[in-house]
Amino acid sequence: MNSSLDNLFAQPGEHQGNFQFDSRVAGVFSDMIRRSVPGYGQIINTIGDFARRFATPGSQIYDLGCSLGAATLSIRRQIEGRGCRIIAIDNSEPMLSRCREHLDAYVSDTQVDLQLCDIRQVKIENASMVVLNFTLQFLPPEDRDTLMRTIWQGLNPGGVLVLSEKLRFEDQAIQSLLDEQHLDFKRANGYSELEISQKRSAIENVLVPDTLAVHRQRLANAGFSQVEPWFQCFNFVSMVAIK
């Protein structure tokens, strides 16, 4: 997916206020996430691999917080001919508009239903797979347990949830170490100290991470008995949970 270079925070005082998935962010999002989230490409590819294993004929697959559609595209490439339907949901019209363009660029026999709505209002039905790829962390913490229960209830037996998130750590030495490793990753990808600082200020009240223990407990409380991280790099993790 092509996008413009992310320089939204390159000038002092630019992009003031809390971070929003508006048209400016949508225009640079591919570059932003590639340079900000270590292992993002591997996560996207593996989501497609999980879909190949878990998508059952005639079932539905949900991409909750689909942004530009990277996970949806990865899934769709792997499930041709199964009669599945992908339901891709986001609450940002600019993101969904670009997602639609990306999906239209590839011919597929798998139906993708794009929906502009709040993922907390979605009814999950006949699902063989649900993806929350760096989405849950943007919901108010008090709404996260309810969404996990909704997902578990809507998954078919044997269905899978892939949950990718930024982590918080109880141990402050580990928190500081992995935060600094992540900052080095961003510096190595060309972000200046000003860009790093301004983006942190914009997003700190919007993205509220949980610890891995909190995620595990939330998933167990929702009903998932099989939960395991399959990927971690610094303070980013992707988990798989099977019903």
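This is a chat about the salt bridges, cysteines and cavities of a predicted model.

User: Which residues does UniProt list for the methyltransferase domain?
Analyst: The unreviewed UniProt entry lists residues 61-159 for "domain: Methyltransferase".

User: And how much of that stretch is helix and how much is strand?
Analyst: Over residues 61-159 the chain is 32% helix and 28% strand. The C-alpha atoms at the two ends of the stretch sit 10 Å apart.

User: OK, salt bridges next. How many are there in the whole structure?
Analyst: A search of the whole structure turns up 14 salt bridges.

User: Let's take R85. What does R85 pair with?
Analyst: R85 forms a salt bridge with D113, and their closest N and O atoms are 3.1 Å apart.

User: Which parts of the chain does that pair tie together?
Analyst: R85 lies in strand β2 (residues 85-90) and D113 lies in strand β3 (residues 111-116), so the salt bridge ties together parts that are 28 residues apart in sequence.

User: How accessible is R85?
Analyst: R85 has 25% relative accessibility, so R85 counts as partly exposed.

User: What about R187, which residue does it meet in a salt bridge?
Analyst: R187 meets D184, with 2.8 Å from N to O. Both residues lie in helix α6 (residues 172-188), and they are three residues apart, which is about one turn of the helix.

User: How accessible are those two? Start with R187.
Analyst: R187 counts as partly exposed at 29% relative accessibility. D184 counts as partly exposed too, at 36%.

User: Now R218 and D210. How far is it from N to O there?
Analyst: The side chains of R218 and D210 meet in a salt bridge with 3.1 Å from N to O.

User: Are R218 and D210 buried or exposed?
Analyst: Both R218 and D210 are buried. Salt bridges that share partners also join R144, D145, D210 and R218 into one network.

User: Changing topic: how many disulfides does the structure hold?
Analyst: The structure holds zero disulfides. Take C84: the nearest cysteine sulfur belongs to C66 and is 17 Å away.

User: Why does that matter for a disulfide?
Analyst: A disulfide is a covalent bond between the sulfur atoms of two cysteines. The cut-off used here is a pair of cysteine sulfur atoms within 2.5 Å, and C84 is in no disulfide.

User: Is C84 buried or exposed?
Analyst: C84 has 5% relative accessibility, so C84 counts as buried. C233 has 22%, so C233 counts as partly exposed.

User: Cavities now. How many of 30 Å³ or more are there?
Analyst: The search of the whole structure finds two cavities of 30 Å³ or more. The largest cavity has a volume of about 40 Å³.

User: Which residues line the largest cavity?
Analyst: The lining is made by D6, F9, K186, Y191, E195, I196 and K199. By class, that lining has three nonpolar, no polar and four charged residues.

User: Which helix gives the most to that lining?
Analyst: Helix α7 (residues 193-203) gives the most to the lining of the largest cavity, with three residues.

User: And what lines the second largest cavity?
Analyst: D145, R149, R218, N221 and A222 line the second largest cavity, which holds about 30 Å³ of space. Two names there should look familiar: D145 and R218 belong to the salt-bridge network too.

User: Which helices supply at least two residues of that lining?
Analyst: Helices α5 (144-154) and α8 (212-222) each supply at least two. Helix α8 gives the most, with three residues.

User: How does that lining split by class?
Analyst: The second largest cavity is lined by one nonpolar, one polar and three charged residues.

Note on methods. Residues numbered from 1 in each chain as written. Predicted model: local features only at pLDDT ≥ 70, side-chain atom pairs only at ≥ 80, totals over all residues. Heavy atoms only, no water. UniProt positions renumbered as here; feature names shortened; annotations may be inferred. Helix = DSSP H or I, 4+ residues; strand = E, 2+ residues; numbered from the N terminus. Salt bridge = Lys/Arg side-chain N within 4 Å of Asp/Glu carboxyl O. Buried < 20%, exposed > 50% of the residue type's maximum accessible area, 1.4 Å probe, protein only. 1 Å grid on protein atoms, 1.4 Å probe; cavity = no way out; pocket = protein on both sides within 12 Å on 5 of 7 lines; lining within 4 Å. Points joined across faces, edges and corners; volume = space filled by probe spheres on them. Nonpolar A, V, L, I, M, F, W, Y, C, P; charged D, E, K, R; others polar.
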